[in-house]
Amino acid sequence: MEFPVQTANPAKVETACLVVPVFKDGELLPAAAKLDNASERLIGQLIERGDFEATLGNVLMVPFAPGLNTDRLMLVGMGERARCQEGAFRKAVDAAFTAIAALPAEDVAVAFTDVPVADRACDWKARMVAEAAHRAVYRFDEFKTEKAPAPRLEQVTLLISEQGDADAARQGARIGDAIGQGVATTRTLGNLPGNVCTPTYLAERAEQLAAASGGALTAEILDEEALEALGAHSLLSVGRGSEQPSRLIVMKYQGAPEADEAPHVLVGKGITFDTGGISLKPGEAMDEMKFDMCGAASVFGTVTSVLAIKPRINLVAIVAAAENMPDGRATKPGDIIQTLKGLSVEVLNTDAEGRLVLCDALTYAERFEPASVVDIATLTGAAIIALGHHATGLLSNDDDLALDLLDAGETAWDRAWHLPLWDEYQEQLSSNFADLANIGGRPAGTITAACFLSRFADTFPWAHLDIAGTAWTSGKEKGASGRPVGLLTQYLLDREADSEVEVAEE
């Protein structure tokens, strides 16, 4: 999709649909005012007659717009001007592009950068527009015999009222376009069924991504024989009951001026289907356990965004992929396994398997002497109880890293919430027979899961993102959300900006 920027009079823009935001107070924004004048007060009359009420997310399509060069005019309600914050802005933009995606239109022009959002400049608004466009046209129908007509949208022109904002709009749209591509990648991987998206499939996708990168990305796949030789028995224990072989997938992106600059590492939980193993889950909604690899999917999506943006950083992306199934070879409750780090773990519940694959991946990350490590996982149902479906759970052994991730989430509007990682919680993981147990009981389940992981992240700044409540949507609109690709990509862009400041100060 293309996102050109235009500063000409909007009344002269030739497009299939011109999208204009309107506040409830009736005071028109700059682009809307120019269009109103050129169309003999068409917009003003529609509002005055009550044909359009500018409540948040309300959309009115005007099929003919006299005096304008557009085929159609779309009015989008922004609600109360004083309440137009980030969430409201995104809701209005999403409503507009949902309507646009249903049109037989290949190009539209939008004037959303006119909308005042506190502390958000033109680049942020342009980025949100680009991301929304990608969300609206996304479809997952490859297994349907009869497919609905695909959206035809190919170009979104950003109308800019201030000439000085044009470069910022271009940059914002470039970032939003890249994140939109990454989110779509993550959604597709998450939506694929478990009989297609296996650990082997993920490994092949990594190799394809590297092959198409023009040398910007490399991929290394560790199979079960290599993992056994390495000593990654914890990861292997999870997939032992499955006919699908486990994999550790390692992708490397070298973008920093110095090849030996410490990389940032992303680690994704890739349980391509989770039955719970011997600790079998209830049958209701078990189909949604194909989404248990959404942490891994978000790593793939972030790598996709990074390849499009090409930030000047070094990145290592690790995916621990396995399928958790019950059979005669499967790990049993009470079994004791040896991790790559050398710690022994008593498996009290085989449905707490995500931490068992992640702990070996975190240990593997040590060899890269990372600047930071962030793991992403649909780890605990307790995260949904604590935070619902709006915020990602964040726990970290480094307060500066935690703040960096929180800030990135606010910028991307892909927000997280910081939970404590106090030593007192570690006591819940005590085992009579091993160095630690893999569960700590019902109290503070999200925290004790992170406490388990922290035992394997003691040599680098580390953070854990529990996306169990944010990675997918249930019900009628069931499907992967693509989160937290926006947060992760912004975090990496912020690290690039920090390194450039450090170089300038030297």
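## A sheet of three strands

Let's start with a small piece of this predicted model. Three strands form an open sheet in the order β11-β12-β16, and their pairing is mixed. At the edges stand β11 (336–338) and β16 (436–437), each of which pairs on one side only.

You can follow one of these pairings by eye. Strand β12 covers residues 344–346, and 3 bridges join it to β11 in the antiparallel sense. To find one of the contacts, look for Ile 336, whose bridge partner in β12 is Glu 346.

## A sheet of six strands

Now turn to another sheet. This one is also open, with 6 strands in the order β1-β6-β5-β2-β4-β3 and mixed pairing. Which strands stand at its edges? They are β1 (5–6) and β3 (59–62); each has a single partner strand, so one side of each has no neighbour in the sheet.

Starting from the β3 edge, β3 and β4 pair in the antiparallel sense over 4 bridges. Val 59 is a good residue to look for here, as it stands opposite Val 76 in β4.

## Strand β2 and its neighbours

Strand β2 (residues 18–22) pairs with strands that you can trace one by one. With β4 (residues 73–77) it runs parallel, and 5 bridges join the two. Val 22 stands opposite Gly 77 in β4. The pairing of β2 with β5 is also in the parallel sense, over 2 bridges. There, Val 19 has Val 110 of β5 as its bridge partner.

Is β2 mostly covered or uncovered? It is mostly covered, with 5 of its 5 residues buried. Try turning the structure to see the two faces of the strand: Leu 18, Val 20 and Val 22 point one way, while Val 19 and Pro 21 point the other way, and all of them are buried.

## Aromatic rings

Next, look for the flat rings of the aromatic side chains. A pair of such rings is described by how far apart the centres are and by the angle of the planes. The whole structure holds 7 aromatic pairs. In one of them, the ring centres of Phe 89 and Phe 112 are 6.1 Å apart and the planes stand at 80 degrees; an angle over 60 counts as edge-to-face, so this pair is edge-to-face. The two residues are 23 apart in the chain and link distant parts of it, with Phe 89 in helix α3 and Phe 112 in the loop between β5 (107–110) and α4. Phe 89 is buried, with a relative accessible area of 0%, and Phe 112 is buried too, at 1%. Together with Trp 124, Phe 89 and Phe 112 form one aromatic cluster.

Another edge-to-face pair is made by Tyr 364 and Phe 368, at 6.0 Å centre to centre and with 65 degrees between the planes. Both Tyr 364 and Phe 368 are buried. A ring can also have a charge above it: the charged end of Arg 415 sits over the ring of Trp 413, 3.9 Å from the ring centre.

## The largest pocket

Let's move from side chains to empty space. Rolling a probe the size of a water molecule over the atoms shows where such space is left. The largest pocket holds about 1300 Å³ of space. Its lining has 41 residues, and those nearest its centre are Arg 135, Arg 187, Thr 473, Ala 480 and Ser 481.

Which helices and strands each supply at least two residues of this lining? They are α3 (86–101), α4 (122–137), α5 (166–191), β18 (472–473) and β19 (479–480). Sorted by class, the lining of the largest pocket has 15 charged, 13 polar and 13 nonpolar residues.

## The second largest pocket

The second largest pocket holds about 930 Å³ of space. It is lined by 32 residues, with Lys 281, Asp 351, Thr 380, Gly 381 and Ala 382 closest to its centre.

Elements that each supply at least two residues of this lining are β9 (264–274), α10 (354–365), α11 (381–387) and α14 (445–454). Which element gives the most to the lining? It is α11, with 4 residues. By class, this second lining has 12 nonpolar, 10 polar and 10 charged residues.

Key: Residues are numbered from 1 along each chain as its sequence is written. This is a predicted model: local features need pLDDT of at least 70, side-chain atom pairs count only at pLDDT 80 or more; totals for chains, interfaces and linings use all residues. Side-chain values use heavy atoms; hydrogens and water are left out. On a 1 Å grid over the protein atoms alone, a cavity is a set of points where a 1.4 Å probe fits but cannot get out, and a pocket is an open set with protein on both sides within 12 Å along at least five of seven lines; lining residues have an atom within 4 Å of a point. Grid points are joined across faces, edges and corners, and a volume is the space filled by probe spheres set on the points. Ala, Val, Leu, Ile, Met, Phe, Trp, Tyr, Cys and Pro count as nonpolar, Asp, Glu, Lys and Arg as charged, and the others, Gly among them, as polar. Rings of Phe, Tyr and Trp (its six-membered ring) pair if their centres lie within 6.5 Å; planes under 30 degrees apart count as stacked, over 60 as edge-to-face and the rest as tilted. Buried means under 20% relative accessible area, exposed over 50%, partly exposed in between (1.4 Å probe, protein chains only). A charge sits over a ring if NZ of Lys or CZ of Arg is within 6 Å of the ring centre and within 35 degrees of the ring normal. Two strands pair if DSSP finds at least two bridges between them.
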